[in-house]
Amino acid sequence: MQNLCTNKDLEALENVSKMLSEIVSFSSSSGSQSFLPLMSQLESEETLKLLINFVLDDISPEFRQYGLQVIIELLKKETNKIASSQAESLPTLFSLIISNMEKLVNLLSDKSGKQMNTTAGVLSPPLSFHRILVMEFFLQLVKPSPIWSTWLLLNTI
């Protein structure tokens with residue numbers, strides 16, 4: 001994971017992100033134990049901190065999206081546990097997200113000043129792919145239940 005977060009090769013990041021996302025998705029849907037060592041490493045606090053810091057670093061949106069895709073897959077796995085009441089306590093991923101909530105919300109801000117003319121008028125800033133991923137991230141975060149969403153809002157504001 002350290003190599004992923006320090007690598008600035010866009011194609012390599014895309015490939016690693018897709019591979020990790022698929023592994024997380026497959027391991028949660030199949031219940032297979034074959035990925036357990038890799039998932040343990042990926043879900044460790046140290047690795048999750050690296051991943052979140054990679055997303056929050058002041059880098060281009062193209063790099064950020066690959067980290068977000070992995071985090072979204074991890075969130076899907078954790079929200080399924082919460083929704084099915086298999087979570088015994090607040091998962092590390094959620095704790096790290098909550099502690100960085102303000103920075104994550106700021107990802108939706110586009111300070112580039114670009115504008116896009118549309119048939120409905122000027123869109124400023126335009127809705128980019130990375131901002132759509134950030135919205136997907138937040139939707140996944142509040143998905144488990146209305147109670148969880150309310151708790152999250154009350155404890156992060």
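Modeller: A helix here is a DSSP run of H or I with at least four residues, and helices are numbered from the N terminus. The model under discussion is predicted.

Colleague: In which helix do K18 and E14 lie, and how many residues apart are they?
Modeller: K18 forms a salt bridge with E14, with the closest N and O atoms 3.2 Å apart. The spacing between K18 and E14 is about one turn of the helix. Both residues lie in α2, and their separation in sequence is four residues.

Colleague: Is K18 buried, partly exposed or exposed?
Modeller: Its partner E14 has a relative accessible area of 25% and is partly exposed. For K18 the relative accessibility is 47%. Exposed requires over 50% and buried under 20%, so K18 falls in between. K18 is therefore partly exposed.

Colleague: Which residue meets K77 in a salt bridge?
Modeller: K77 sits in helix α5, and its partner sits in the loop between α3 and α4, 34 residues apart from K77. The N to O distance is 2.7 Å. The pair links distant parts of the chain, and the partner of K77 is E43.

Colleague: Is K77 buried or exposed?
Modeller: On the other side of the bridge, E43 is partly exposed at a relative accessible area of 24%. K77 has 13% relative accessibility. That value is under the 20% limit, so K77 counts as buried.

Colleague: Which residue pairs with K76 in a salt bridge?
Modeller: K76 is partly exposed, with a relative accessible area of 29%. Its partner is three residues apart from K76 in helix α5, about one helical turn. The N to O distance is 3.3 Å. The partner is buried at 16%, and its name is E73.

Colleague: How many salt bridges does the structure hold?
Modeller: Side chains of opposite charge can pair when their charged atoms come close. Among the pairs in this model are K18 with E14, K77 with E43 and K76 with E73. The total number of salt bridges is four.

Colleague: What is the order of the elements from the N terminus on?
Modeller: The chain has nine helices and two strands. From the N terminus on, the order is α-α-α-α-α-α-α-β-β-α-α.

Colleague: Which element gives the largest share of the largest nonpolar core?
Modeller: The largest nonpolar core has 28 residues, and L74, L75, I97 and F137 have the most contacts inside it. Elements giving two or more residues to this core include α2, α4, α6 and α8. The largest share is six residues, and it comes from α5.

Colleague: How many residues are in the second, separate core?
Modeller: In soluble globular proteins, nonpolar side chains tend to be buried together. Among the members of the second core are L13, F54, F63 and Y66. The number of residues in that core is five.

Colleague: Which residues does I97 touch, not counting residues up to four places away in sequence?
Modeller: I97 is one of the residues with the most contacts inside the largest nonpolar core. With residues up to four places away set aside, it touches I52, L75, L104, F137 and L141.

Colleague: Which residues is N100 in contact with, leaving aside its neighbours within four places in sequence?
Modeller: N100 is found in the loop between α6 and α7. It is buried because its relative accessible area is 12%. The buried residues of α4 include I52 and L56. Those are the contacts of N100: I52 and L56.

Colleague: How far does α4 reach from its first C-alpha to its last?
Modeller: α4 has 12 residues. At 1.5 Å a residue, the expected value is 16 Å. The reach in the model is close to that, at 16 Å.

Colleague: How far apart in space are T79 and L141, C-alpha to C-alpha?
Modeller: T79 lies in helix α5 and is buried because its relative accessibility is 1%. In sequence, T79 and L141 are 62 residues apart. In space, C-alpha to C-alpha, they are separated by 7.3 Å.

Colleague: Is K143 buried or exposed?
Modeller: K143 lies in the loop between α8 and α9. It is 68 residues from L75 in sequence and 9.6 Å from it in space, C-alpha to C-alpha. Its relative accessible area is 52%. That is over 50%, so K143 is exposed.

Terms used:
Residues are numbered from 1 along each chain as its sequence is written. This is a predicted model: local features need pLDDT of at least 70, side-chain atom pairs count only at pLDDT 80 or more; totals for chains, interfaces and linings use all residues. Side-chain values use heavy atoms; hydrogens and water are left out. A nonpolar core is a set of buried Ala, Val, Leu, Ile, Met, Phe, Trp, Tyr and Cys residues joined through side-chain atoms within 4.5 Å. Buried means under 20% relative accessible area, exposed over 50%, partly exposed in between (1.4 Å probe, protein chains only). Contact means heavy atoms within 4.5 Å. The expected span of a helix is 1.5 Å times one less than its number of residues. A salt bridge is a side-chain nitrogen of Lys or Arg within 4 Å of a carboxyl oxygen of Asp or Glu.
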